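Work through these short exercises with the model open beside you. Try each task before reading its solution.

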Amino acid sequence: MAEKIRACSTGDIEEEDVLRFDHGDKSLIIIHGPDGNFYATDGYCTHEKQHLSDGLVDEFNIECPLHFGAFDYRTGDPTAAPACEALKTYPVAVEGDDVYVEI
């Protein structure tokens with residue numbers, strides 16, 4: 001059964017920025033999109049397990065800092081090679097000033 005976990009405050013992440021969020025054995029990233037929404041995906045690139053928290057956010061893409069593969073963080077779909085396997089995405093809810101992720 002999914003659990004709703006507080007990940008951060010809305011003020012912790014600037015628009016088009018990323019924040020690492022670890023909970024138990026999971027490592028995720030939270031991204032504040034240019035549309036004002038917040039998104040969550042697995043934290044590691046599916047290509048070579050580099051953490052995406054140091055990646056570059058550009059519009060709706062997160063670029064891996066190791067080999068520059070990229071993903072659409074709204075869907076998890078790869079958008080640039082060498083990434084070819086999708087990231088897992090997680091539902092996000094904003095309640096007041098808090099960002100929650102359903103894990």
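**Exercise 1.** In which strand is the place of His23? Then classify its exposure.

*Solution.* Keep in mind that this is a predicted model.
- Step 1: find the strand. His23 belongs to strand S2.
- Step 2: take the relative accessible area of His23, which is 29%.
- Step 3: apply the cut-offs. Buried means under 20%, and exposed means over 50%. His23 is therefore partly exposed.
- Step 4: list its contacts, leaving out residues up to four places away in sequence. His23 touches Glu3, Ile5 and Ile103.
- Step 5: compare sequence with space. His23 and Ala7 are 16 residues apart in sequence, and their C-alpha atoms are 8.7 Å apart.

**Exercise 2.** Is Ser9 buried or exposed? Find what its side chain meets.

*Solution.*
- Step 1: locate Ser9. It sits in strand S1, residues 4–9.
- Step 2: read its relative accessible area, 19%. The cut-off for buried is under 20%, so Ser9 is buried.
- Step 3: look at the side chain. A polar atom there lies 3.3 Å from the backbone oxygen of Asp97.
- Step 4: widen the view. Beyond its neighbours within four places in sequence, Ser9 contacts Asp97, Asp98 and Val99.

**Exercise 3.** In what order do the four strands of the open sheet lie?

*Solution.*
- Step 1: write the order, S2-S3-S4-S9, with antiparallel pairing.
- Step 2: mark the edges. Strands S2 (17–23) and S9 (89–90) each pair on one side only.
- Step 3: zoom in on one pair. Strand S3 (residues 26–32) and strand S4 (residues 38–42) share five bridges.
- Step 4: pick a bridge. Ile29 has Thr41 as its partner in S4.
- Step 5: recall the principle. Strands of a sheet pair through backbone hydrogen bonds.

**Exercise 4.** How are the rings of Phe60 and Tyr73 arranged?

*Solution.*
- Step 1: count the aromatic pairs in the model. There are two.
- Step 2: take the pair Phe60 and Tyr73. The ring centres are 6.0 Å apart and the planes meet at 50°, so this pair is tilted.
- Step 3: place the residues. Phe60 is in the loop between strands S5 and S6, and Tyr73 in the loop between S7 and S8, 13 residues apart.
- Step 4: check burial. Both Phe60 and Tyr73 are buried.
- Step 5: add the neighbours. Tyr39 joins Phe60 and Tyr73 in one aromatic cluster. The charged end of Arg74 sits over the ring of Phe60, 4.0 Å from its centre.

Note on methods: Residues are numbered from 1 along each chain as its sequence is written. This is a predicted model: local features need pLDDT of at least 70, side-chain atom pairs count only at pLDDT 80 or more; totals for chains, interfaces and linings use all residues. Side-chain values use heavy atoms; hydrogens and water are left out. Two strands pair if DSSP finds at least two bridges between them. Helices (H or I, at least four residues) and strands (E, at least two) are DSSP runs, numbered from the N terminus. Buried means under 20% relative accessible area, exposed over 50%, partly exposed in between (1.4 Å probe, protein chains only). A polar contact is a pair of N or O atoms within 3.5 Å; within protein, one must be able to donate a hydrogen and the other to accept it, and residues adjacent in sequence count only if both atoms are side-chain atoms. Contact means heavy atoms within 4.5 Å. Rings of Phe, Tyr and Trp (its six-membered ring) pair if their centres lie within 6.5 Å; planes under 30 degrees apart count as stacked, over 60 as edge-to-face and the rest as tilted. A charge sits over a ring if NZ of Lys or CZ of Arg is within 6 Å of the ring centre and within 35 degrees of the ring normal.
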